[in-house]
Amino acid sequence: MEIPTICHYCGGVIRLVSAEAVYDEYTERRGKKGEMIYQCQNCGARVGCHRGTNRPLGKVANEMLRCKRVQAHRAFDSLWKRRGMKRRNAYRWLAKEMGLPMNAAHIGGFEMDQCQKVIDLCGHEKEAA
């Protein structure tokens, strides 16, 4: 994912900040101690970084989209673990089902409609199993 600099929600400047600056006394409980986050200085939209790096996990998201991504990840992770799939193979399946190239099949980069499609796909697969 590319390093965000300008917020696509409000046009604000995005800065790399410590997780402590975002989560305050809840940082450790969230398992984010020492981690970094890209955050819009205007509206607060944000995205975390891969552990121990400054590489974004996905695209900047507001609170509603972050919640939807969590729901999509829960549905997706539940599906591939329940089916005994390897994670890479699960993402290959997701890419095919979503009509995306492998390098674009990352929930951290999805918008609301794509997250809902993941949730729906995983629900249909669950019913078919």
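**Group meeting: a walk through a predicted model**

Let me begin with one residue, F76, which, once neighbours within four places in sequence are set aside, is in contact with A90, Y91, W93, L94, I107, V118 and C122. Before I go on, please keep in mind that what you see above is a predicted model.

Where does F76 sit in the chain? F76 belongs to helix 2, and with a relative accessibility of 0% F76 counts as buried, because buried means under 20% relative accessible area. To give you a sense of distance as well, F76 and C43 are separated by 33 residues in sequence, and their C-alpha atoms are 29 Å apart in space.

Now let me step back to the whole protein chain. Its secondary structure comes to 4 helices and 3 strands, and if you read along the sequence you will meet them in the pattern β-α-β-β-α-α-α. The C-alpha trace spans about 45 × 30 × 20 Å along its principal axes, and of the 129 residues in the chain, 33% are buried. If we take the contacts between residues at least 6 apart in sequence, 44% of them join residues at least 24 apart.

Let me turn to the strands. How are the 3 strands arranged? They form an open sheet in the order 1-2-3, and the pairing is antiparallel. Strand 1, residues 14-18, and strand 3 are the edge strands, since each of them pairs on one side only, and from one strand to the next the twist averages 25°. As general background for anyone new to sheets, side chains in a regular strand alternate between the two faces of the sheet.

Strand 2, residues 36-40, deserves a slower look, starting with its two pairings. With strand 1 it pairs in the antiparallel sense over 5 bridges, and one bridge pair to find on your screens is S18 with M36 in strand 2. With strand 3 it also runs antiparallel, joined by 3 bridges, and here you can find Q39 standing opposite R46 in strand 3. Strand 2 and strand 3 form a hairpin with 5 residues between them, and in the turn G44 has a positive phi of about 85°.

Why do we say that strand 2 is largely enclosed by the rest of the structure? We say this because 4 of its 5 residues are buried. M36, which is found in strand 2, has a relative accessible area of 24%, so M36 is partly exposed, the class between under 20% for buried and over 50% for exposed. Not counting residues up to four places away in sequence, M36 touches L16, V17, S18, A19, G48, C49, T53 and N54. For A19, we can add that its C-alpha atom is separated from that of M36 by 5.3 Å, although the two residues are 17 apart along the chain.

The last part of my talk concerns the pockets. The largest pocket holds about 1,100 Å³ of space, and of the 27 residues that line it, V47, G48, L57, H73 and G108 are the closest to its centre. Which elements give two or more residues to this lining? They are strand 3, residues 46-48, helix 2, residues 63-82, and helix 3, residues 87-98, and helix 2 gives the most, with 6 residues. So the helix that holds F76 also takes part in lining the largest pocket. By class, the lining of the largest pocket has 11 nonpolar, 7 polar and 9 charged residues.

The second largest pocket has a volume of about 180 Å³. Its lining includes the start of the chain, with M1, E2, I3, P4, T5, I6, C7 and H8, and the other lining residues are I14, G58, K59 and V60. Here the residues divide into 7 nonpolar, 3 polar and 2 charged.

To close, I would ask you to return to the structure above and to look at two places again: first F76, buried within the model at 0% relative accessibility, and then strand 2, which pairs with strand 1 over 5 bridges and with strand 3 over 3 bridges.

Conventions
Residues are numbered from 1 along each chain as its sequence is written. This is a predicted model: local features need pLDDT of at least 70, side-chain atom pairs count only at pLDDT 80 or more; totals for chains, interfaces and linings use all residues. Side-chain values use heavy atoms; hydrogens and water are left out. On a 1 Å grid over the protein atoms alone, a cavity is a set of points where a 1.4 Å probe fits but cannot get out, and a pocket is an open set with protein on both sides within 12 Å along at least five of seven lines; lining residues have an atom within 4 Å of a point. Grid points are joined across faces, edges and corners, and a volume is the space filled by probe spheres set on the points. Ala, Val, Leu, Ile, Met, Phe, Trp, Tyr, Cys and Pro count as nonpolar, Asp, Glu, Lys and Arg as charged, and the others, Gly among them, as polar. Two strands pair if DSSP finds at least two bridges between them. Axes are lines fitted to C-alpha atoms, for helices over the stretch in contact, and angles run from 0 to 180 degrees between N-to-C directions. Buried means under 20% relative accessible area, exposed over 50%, partly exposed in between (1.4 Å probe, protein chains only). Contact means heavy atoms within 4.5 Å.
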